[in-house]
Amino acid sequence: LIAPFGGLDIVWNALLAPIVLKERLSRGRIIGCGLVLVGATFAGAFGCHEEPEYTLDYLVNTMVNLRVLAYLLLFVVWF
């Protein structure tokens, strides 16, 4: 429910830039901020509001499989 509103930092930065940095806010950025605001609001209003409960067996079966182990191996080798 709260996660979609994490995208609003872009909106706040764009709205505060003219005040703090004396930047000019273009029409395209205003429209973009509006789209982000509408998207975050819709995602919060109509998104999933239930959080599933995961059992230990489910987590073990999900995390201990060949794909996850291959991903972790590639991740360690990459970095």
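Leu69, Tyr71, Leu72, Phe75, Val76, Trp78 and Phe79 form a nonpolar patch of about 900 Å² on the surface of this predicted model. One member of the patch, Phe75, belongs to helix α4, which covers residues 66-78. Phe75 has a relative accessible area of 42%, so Phe75 is classed as partly exposed. In soluble globular proteins, nonpolar side chains tend to be buried together.

Buried nonpolar residues are found elsewhere in the model. The largest nonpolar core has 5 residues: Leu8, Val11, Ala14, Cys33 and Ala40. Helices α1 and α2 are the elements that each give two or more residues to this core. The largest share, 3 residues, comes from α1. Within the core, Cys33 touches Val11 and Ala14, leaving aside residues up to four places away in sequence.

Helix α2 also holds Gly44. The relative accessibility of Gly44 is 8%, and the limit for a buried residue is under 20%, so Gly44 counts as buried. How far apart are the C-alpha atoms of Gly44 and Phe75? They are separated by 33 Å, and the two residues lie 31 residues apart along the chain.

The loop between α1 (8-20) and α2 (27-46) contains Lys22. Most residues other than glycine have a negative phi. Lys22 has a positive phi, near 60 degrees, although this residue is not a glycine. Is Lys22 buried or exposed? Its relative accessibility is 68%, and exposed means over 50%, so Lys22 counts as exposed.

Notes. Residues numbered from 1 in each chain as written. Predicted model: local features only at pLDDT ≥ 70, side-chain atom pairs only at ≥ 80, totals over all residues. Heavy atoms only, no water. Helix = DSSP H or I, 4+ residues; strand = E, 2+ residues; numbered from the N terminus. Buried < 20%, exposed > 50% of the residue type's maximum accessible area, 1.4 Å probe, protein only. Patch = residues over 30% accessible without salt bridge, like charges linked within 9 Å, V, L, I, M, F, W, Y side chains within 5 Å. Areas by Shrake-Rupley, 256 points an atom, 1.4 Å probe, with all protein chains shown as cover. Salt bridge = Lys/Arg side-chain N within 4 Å of Asp/Glu carboxyl O. Core = buried A, V, L, I, M, F, W, Y, C linked by side-chain atoms within 4.5 Å. Contact = heavy atoms within 4.5 Å.
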